[in-house]
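Got the viewer open? Let's go for a walk through this one, stop by stop.

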Amino acid sequence: MDPGFSRAVTEAFVRLCDCGLIYRSEGLVNWSCALESAISDIEVDSKQLSGQTMLSVPGYENKVEFGTMLTFAYPIEGQEAEVAVSTTRPETMLGDVAVAVHPDDPRYQAVHGKQCRHPFTNRLLPIITDSMVDMELGTGAVKVTPAHDHTDFLLSQRHSLPRLTVIGGDGTMRPPCGQWLEGVKRFDARQFVVDALVEKKLFRGKKSHAMTLPVCSRSGDIIEPLLKKQWYIHCDEMAKKATQAVEDRQLEIIPHFYTKTWKNWLSNISDWCISRQLWWGHQIPAYQVELPNSTDKQEWVWGRSKDEARQRAAIKYGVKPEDITLTQDPDVLDTWFSSGLFPFAMLGWPEQTTDLQRFYPNSILETGSDLIFFWVARMVMLGTELTGQLPFKKRLQEKVKEGNLDPREQLVAMEAQRKDFPKGIPQCGTDALRFALCSHKMQGEDISLSISQVLSCRNFCNKMWQTLRFTLGVLGNHTTPVGALQETTPLSSMDRWICSRLYSTVKQCEQAFEAYELHTVTSVLYSFWVHSLCDVYMEYVKPLLVQQGEGTIVQTDTEHSGRSRHMAGSVLYHCVSTSLALLSPFMPFITEELWQRLQPVRPGAAAQTSLCLQLYPCSSQLEHWHFPEEERDFMLVQEVIRVARSIRAQCGMTKEKPAMWAVCSPSQAQVLLHFGSAVWTLSRISNLHIYCPHRGNELLSVHSTPPPEGGLIGVVDHECQLHLHIQSRTNIDKQIRQLSQRKDKLVPKLKDILCRVQSPDYLTKVPAHVRQKMDSKMSALQQELKTIEKQLRVLQETQTTE
């Protein structure tokens, strides 16, 4: 993204446009709803399904069913007859514009040219004939949805059919579907459509069906073909040159068995969609032209700058430059477009630099096999087109070739790499790798390296950076050292809790080190930093601190008005500083960097030069921070916060801060009062009314009024419940729908377990530990179902009253 490389990207786009290789067109693209962007064909993985399969899809809580063929009927207009069509994607039927049959299919000879009536939109759909229809598939009649299917798009071109888009870029149903589906997620709408077809007596059945499912290789989302206007590159001629270069031995691919794959892929290449709807990347240097008295037709020009594009537009349309309004395309270029320029752009192209003349073309490119088409083919095609030369002469697959392995073992090693790391190994850094390796419970055993775990450790490194930035923000720009650890006495309940959690963490580390259990050390350190310090304490502190001017943070919470900003900074400083010291043996580089940034406020900073020279923290230093009762009591507080958030989420209260009632025992009330500010802040509620049915005289300050009738109840434990009073009719209706949906999901699960428990072989063939788990699960489901039914009765009574 540096200026020099960005200029090269712009130059490449303009040159390719000028020679007619880049064009703009409307067509079906592979769309990832998770990314909200088009992706290229080679970023689409084909997942083979043998039949009915439940898969996880980004953005959906529950798994989605695929691999089924559903059949439904379209009534024929003016006749007591119907045409049954089969589909694996019933949600797209809202975008149907025709029904197609094979002209020679004897079953449909009488309906050629007739029309069907759409049951939901009331549109008339013509019955067309086309030899592309497979008479053996499904019913032999197919629904035509040009805006959401590549084959149907071709049919629409041949038969001049309209194209109706019914699924938006975010994966939700669009307004043409009607209010009953508008805004519903596409795979949720699937079941809505099936239910509606059943209600209209048009559903004709469902069966398991083998199919190929397109999946986004980057997000794991199911690809949705969408009709979009995009920028494309003609690839035919460039691909022929790239193929010929290998055949003529100008370019050698090692190992050679990839040569056949190279030829097959380039021989079947389609035009490359290079525009992406992402927020980061090289913005496309193309501009939409608005002329005086212009029509609605979109006109485009391109240029190395906006001024050049304006001059091009003035010449092209014969108008004065000042009469033209230009709007740059907000889309960005595909990453692989800019990456494909790397071999020559890195040397200063398009300028004829000394480096370009000396080092281009390169001699050898060494990459992983997963990049052969993402990157290697693009470098060859773009390099040949823009420079007239191949970017390199050889392409090696792996560094394993450079070793002294026997040739047969080389093949085994390369095959193992391809199998274990099909997408290559992402760069994570030595600290993340060390921490991940130490997290394995090995002790003499081989490590089965998990790349996902290394990635998680890399994310942990990012979390450490963010934590330090927040801490420095609290401390401000002042260079006054904080108080020494022995002098820092926490004041508030939450300060004492986080300090005690740090003491317990150090104690656990000591015990684990003595037992040589490094995986336990890494686990407790990660847990303290992420779950205690970041997820709880910092989230609690953030709303209580208001930034006033650069580097100045003051307290605003009334309960904490007596606590100085300096004390808040001291607690954070010692928690972060001690944690960095604890992590130093596992992550020496990032901990040293972050520790040095705390140098200006460190007690006795002048004498301390490096973290690696400091004594390792020990629990004896932190004994005055040990508050076991605070840690014990906060477990109840965390459970109350979890239930409160769950209730808010069920009611759809993502922004509101409602009041809640806690019905609990006197001892629990004392705890909730003690951590009152934390409960309000972390639960995102305005107030917590506490009601003790059997309170003692010592709790005169506790709210004595029971919670209002009607509302949602969340169970914390056998003594404590949370009550949320729902006053809005909209919230009541929404809650009833959500509870009903949850009930509909629970009932089949419970029935399945009951059938298994009541089977004759249950006691004789099912192991005791399995029966125990099933009985426990059945009991939990029954209790949950009972609670839901009780809440539904209360809400329905409230609904009737209102």
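What follows is a short tour of a predicted model, with something to select at each stop.

**Stop 1: a surface patch.** Select M1, W279 and W280. Together they make a nonpolar patch on the surface, with about 490 Å² of accessible area. Now zoom in on W280, which you'll find in the loop between β17 (275-276) and β18 (286-290). Is W280 buried or exposed? With a relative accessible area of 52%, W280 is exposed, since the cut-off for that word is over 50%.

**Stop 2: a stacked pair.** The model has 19 aromatic pairs, and we'll visit two of them. Start with Y23 and Y232: their rings are stacked, 5.6 Å centre to centre, with 20° between the planes. Colour by secondary structure and you'll see Y23 in strand β1 (residues 22-32) and Y232 in strand β14 (residues 224-233), so this pair ties together parts that are 209 residues apart in sequence. Turn on a surface to compare the partners: Y23 is partly exposed at 24% relative accessibility, while Y232 is buried at 10%.

**Stop 3: an edge-to-face pair.** Next, select F513 and Y616. Their centres are 5.7 Å apart and the planes make an angle of 80°, an edge-to-face arrangement. Here too the pair links distant parts of the chain, 103 residues apart: F513 belongs to helix α14 (residues 493-514), and Y616 sits in the loop between α17 (588-597) and α18 (628-650). F513 has a relative accessible area of 29% and is partly exposed; Y616, at 31%, is partly exposed as well.

Keep those two on screen and add F435, F460, Y526, W529 and F586. Ring pairs link these residues with F513 and Y616 into a cluster.

**Stop 4: along a helix.** One member of that cluster, F460, is also among the buried residues of α13, so select the helix next, residues 451-475. Helix α13 has 25 residues and reaches 37 Å from its first C-alpha to its last, close to the 36 Å expected at 1.5 Å a residue. Show side chains and look for other buried residues, including I451, V454, M464, L468, F470 and L475. Step past the end of α13 and you land on G476, whose phi is positive, near 75°.

**Stop 5: charges over rings.** Two quick selections to finish. K185 lies over the face of Y60, at 5.0 Å from the ring centre. Then pick R378 and W272: R378 lies over the face of the W272 ring, at 3.9 Å from its centre.

Technical notes
Residues numbered from 1 in each chain as written. Predicted model: local features only at pLDDT ≥ 70, side-chain atom pairs only at ≥ 80, totals over all residues. Heavy atoms only, no water. Patch = residues over 30% accessible without salt bridge, like charges linked within 9 Å, V, L, I, M, F, W, Y side chains within 5 Å. Areas by Shrake-Rupley, 256 points an atom, 1.4 Å probe, with all protein chains shown as cover. Salt bridge = Lys/Arg side-chain N within 4 Å of Asp/Glu carboxyl O. Helix = DSSP H or I, 4+ residues; strand = E, 2+ residues; numbered from the N terminus. Buried < 20%, exposed > 50% of the residue type's maximum accessible area, 1.4 Å probe, protein only. Phe/Tyr/Trp six-rings, centres within 6.5 Å; stacked < 30°, edge-to-face > 60°. Lys NZ or Arg CZ within 6 Å of the ring centre and 35° of its normal. Expected span 1.5 Å × (residues − 1).
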